[in-house]
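Here is a short briefing to read alongside the sequence and the coordinates. Have your viewer open, and follow the topics in whatever order suits you.

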Amino acid sequence: MMKELDWLKTLTIFIGLIVAGYFVGNMHKTGMQYDRYVQVKGLSEREVEADLAVWPINITLTGNDLNVLKNTIEAQNEAVYSFFMEQGFDAAEITRGTTNISDARANLYNSGNQSPYRFLAVSEFTVRTRDIPRLKKALAESLSLMSEGIILGSKNTWRPVEYIFTGLNALKPEMIEEATKNAREVAIKFAEDSQSRVGKIKVARQGLFTINDRDQNTPEIKVVRVVSTLDFHLQD
């Protein structure tokens, strides 16, 4: 009887070892398969037109008679505002900024100034519109103000008009999907070369969206770009 019990215990232990070994081996195999993956990048690009333009403007005058300068700058402010109204802009698209008049003689740090004019007046306007063709037309016709002795200057000399694209949120879902498909195509090519198959996504990292000018000559045309990084499982 004791021998039968010992034999039964031995058989039970043996079977347990076999089962445990199977599960350990299977877990190791599964873990090895889980660790087999390829990391690829997917690109999506769109060329879009800017849908918002901002033109910050300065009007600058100099003079020695403060009252004359004040009256002249106020008259020019009205002329500039009327010009944009005649161009078809709404009042909400034109923002009048401050008008500052400075006295060069009152500036203790400007003793070396050789200008014959004592006073400097600067007025600010900002044109903010979604009608970019109208703004371009106004830019071209603003030279007509010179006949009235008015010279418009941009606050940003290196970029007189800022063109902005505000429709990114509408593009995001489609571009992310395209970047993911592009990444899978790259992964499939890699898998074929290594005699494997592409499985599910292991990790997905969405890149940052960037919006840049297409080139320096057409800042109103933008290039929207996103690069996503994805890890795909590889299967035999």
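Where is the place of alanine 91? You will find alanine 91 in the loop between H2 and S3. Please keep in mind that this is a predicted model, with a mean pLDDT of 84 for the protein. The notes below begin with confidence, return to that loop, and then move on to helices and cores.

**Confidence**
- In this protein, 82% of the residues reach a pLDDT of 70 or more.
- Residues 19-34 call for care, since pLDDT stays under 50 over them.
- For that stretch, the model has four contacts beyond four places in sequence.

**Alanine 91 and the end of H2**
- Alanine 91 counts as partly exposed because its relative accessibility is 46%.
- Leaving aside neighbours within four places in sequence, alanine 91 is in contact with Tyr81 and Met85.
- From C-alpha to C-alpha, alanine 91 and tyrosine 81 are 9.0 Å apart in space, while ten residues apart in sequence.
- Glycine 88, just after H2, takes a positive phi of about 100 degrees.

**Helix H2**
- H2 runs over residues 66-86, which makes 21 residues.
- From its first C-alpha to its last, H2 reaches 30 Å, close to the 30 Å expected at 1.5 Å a residue.
- Its buried residues are Leu69, Ile73, Gln76, Asn77, Val80, Tyr81, Phe83 and Phe84.
- These buried residues lie on the same side of H2 because they cover an arc of only 155 degrees around the axis.
- An α-helix has 3.6 residues a turn, so residues three or four places apart point the same way.
- Asn67 and Glu86 are exposed on the other side of H2.
- Strands S2 (52-63), S3 (94-103), S4 (119-129) and S5 (152-154) are among the elements that cover the buried residues of H2, and helix H3 (132-141) is another.
- At the N-terminal end, aspartate 65 acts as a cap for H2, with a side-chain oxygen 3.0 Å from the backbone nitrogen of asparagine 67.

**Helix H3**
- Ile132, Leu135 and Ala138 are the buried residues of H3.
- They sit on the same side of H3, because their arc around the axis is only 115 degrees.
- Pro133 and Ala140 are exposed on the other side of H3.
- The buried residues of H3 pack against S2, H2, S4 and strand S6 (162-164).
- Where H3 starts, a side-chain oxygen of aspartate 131 comes to within 3.2 Å of the backbone nitrogen of arginine 134.

**Nonpolar cores**
- The largest nonpolar core has 25 residues, and Phe84 and Val127 touch the most other members.
- At least two residues of this core come from each of S2, H2, S4 and H3.
- H2 gives the most, with six residues.
- Not counting residues up to four places away in sequence, phenylalanine 84 touches Trp55, Ile57, Phe89, Ile94, Val127 and Ala138.
- There is also a second, separate core of nine residues, with Val40, Val198, Leu230 and Leu234 among them.

**Serine 228**
- Serine 228 belongs to strand S9, which spans residues 221-235.
- Is serine 228 buried or exposed? Serine 228 counts as buried because its relative accessibility is 3%.
- Its contacts, not counting residues up to four places away in sequence, are Val40, Lys41, Gly42, Ala179, Arg205, Gln206 and Gly207.

Notes. Residues are numbered from 1 along each chain as its sequence is written. This is a predicted model: local features need pLDDT of at least 70, side-chain atom pairs count only at pLDDT 80 or more; totals for chains, interfaces and linings use all residues. Side-chain values use heavy atoms; hydrogens and water are left out. Helices (H or I, at least four residues) and strands (E, at least two) are DSSP runs, numbered from the N terminus. The expected span of a helix is 1.5 Å times one less than its number of residues. Buried means under 20% relative accessible area, exposed over 50%, partly exposed in between (1.4 Å probe, protein chains only). The arc is that of the directions from the helix axis to the C-beta atoms. Contact means heavy atoms within 4.5 Å. A polar contact is a pair of N or O atoms within 3.5 Å; within protein, one must be able to donate a hydrogen and the other to accept it, and residues adjacent in sequence count only if both atoms are side-chain atoms. pLDDT is the predictor's confidence in each residue, from 0 to 100. A nonpolar core is a set of buried Ala, Val, Leu, Ile, Met, Phe, Trp, Tyr and Cys residues joined through side-chain atoms within 4.5 Å.
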